[in-house]
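Let's walk through this model together, beginning with its annotated segments and ending with its cysteines. Keep the 3D view open as you read.

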Amino acid sequence: METVYTHGIRVAETLQEQTSHLEKFWLTVTLLGDPKAAFLLVFPFTYFISKRTGVAVVWVAAISEWLNLVFKWILFGERPFWWIGESGLYDKTSQPKVHQFPSTCETGPGSPSGHAMVTAAVWWVVVSSLGSFVYSRTHSLVISAVPYMLYVTVLAAVGISRIFILAHFPHQVIAGCLTGLLLGVTLRSTVPEGRPLLFFFSFSVGLMFSALVLNVALQQLGVDIFWSISLAKKWCSRGEWIRLDTAPFSSLTRDCGALVGLGLAQYWKPGGWSLPWAARALSLAVSSMGLYHVNRLPLPVKPQSLFYSLFFVKFVLVPQIVMVFVPGLVHLLTRKKKKD
């Protein structure tokens with residue numbers, strides 16, 4: 001693997017040298033490729049166009065991110081920003097000419113890339129639905145292929161951004177893209193629309209319990225599951241770039257919370273609110289603002305159990321805001337306006 005890692009560092013060094021003028025672009029892309037963007041950005045946008053696709057986005061995002069966590073615990077992938085120092089291959093004269101960014105210092109293992117994997121899975125759900133719709137209207141293979149070309153472009157941009165900021169090696173990005181694509185194709189037809197609330201609670205508990213069992217099993221085998229957190233803290237350029245919301249258990253609580261929230265939203269309002277396009281657009285705008293402020297809510301990092309509990313609640317609220325609260329309020333206001 002040393003050869004693969006060394007080549008990956010050279011690729012990152014070349015990217016930083018040749019595309020330094022695109023630094024802000026790559027940093028923006030890596031933020032948009034963050035798994036949480038699937039819940040906070042892609043979900044509301046798709047839901048108000050197609051409810052089924054919106055539900056599918058949450059479902060696929062949660063499962064793909066959970067599987068990514070499991071793969072990372074098993075595969076023990078290094079990250080470039082700490083491997084450079086840990087490898088012992090570089091001295092002061094041969095140090096790669098690379099630098100870190102605020103989004104670099106993630107604390108989980110590196111393989112496969114979560115950004116690439118979740119983006120590949122979620123966006124496959126979106127573009128395949130869009131491609132089918134376009135073809136049904138145009139009957140043109142060329143025009144209906146446009147969403148798929150956009151898909152490849154998005155994946156390439158997210159992958160390059162992860163290499164650029166030293167968060168992943170190229171092979172980790174490729175592995176994430178391929179695994180995510182496979183998951184997207186597999187899970188697209190398993191949308192839990194209309195499922196009872198118990199299904200979502202049971203599924204969420206199952207994900208949480210199985211991850212904890214794997215965690216305990218690895219520790220019993222003598223595996224230090226916190227090894228990546230120690231290395232991230234050791235080699236990150238700035239301590240404030242280490243964030244608890246990038247830790248493996250944050251991903252787990254986000255996914256379980258989103259699934260519980262999805263179940264609750266469908267329980268409170270089966271089938272969702274029926275709104276005209278203007279009301280949907282208004283709901284999208286208000287929901288986006290609401291999710292923006294929910295995401296920005298500061299959470300106490302100590303004790304960590306409190307942080308994870310509140311993080312769970314935060315993502316339980318996401319489907320409620322998008323599927324129940326905001327469209328319900330818009331429906332109430334527009335109905336009153338029509339009566340007046």
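What you have here is a predicted model. A good place to start is the segment 173-191, where the chain is 79% helix and 0% strand. The C-alpha atoms at the two ends of this segment lie 26 Å apart. In the unreviewed UniProt entry, residues 173-191 carry the annotation "transmembrane region", as do 56-76, 116-136, 148-167, 198-218 and 306-330. For residues 56-76, the model gives 95% helix and 0% strand, with 30 Å between the end C-alpha atoms.

Now to the cysteines. How many disulfides does a search of the whole structure find? It finds one, and the partners are C105 and C236, whose sulfur atoms are 2.1 Å apart. That distance falls within the 2.5 Å cut-off, so the pair counts as a disulfide. The link joins distant parts of the chain, with the two cysteines 131 residues apart. If you trace the chain, you will meet C105 in the loop between helix 5 (80-86) and helix 6 (114-138), while C236 sits in the loop between helix 11 (227-235) and helix 12 (248-268). Because the torsion about the S-S bond is about 90°, this disulfide is right-handed.

Are C105 and C236 buried or exposed? Both are buried. Two further cysteines are worth a look while you are here. C177 has a relative accessible area of 14%, so this residue is buried. C256 counts as buried too, because its relative accessibility is 0%.

Key
Residues numbered from 1 in each chain as written. Predicted model: local features only at pLDDT ≥ 70, side-chain atom pairs only at ≥ 80, totals over all residues. Heavy atoms only, no water. UniProt positions renumbered as here; feature names shortened; annotations may be inferred. Helix = DSSP H or I, 4+ residues; strand = E, 2+ residues; numbered from the N terminus. Buried < 20%, exposed > 50% of the residue type's maximum accessible area, 1.4 Å probe, protein only.
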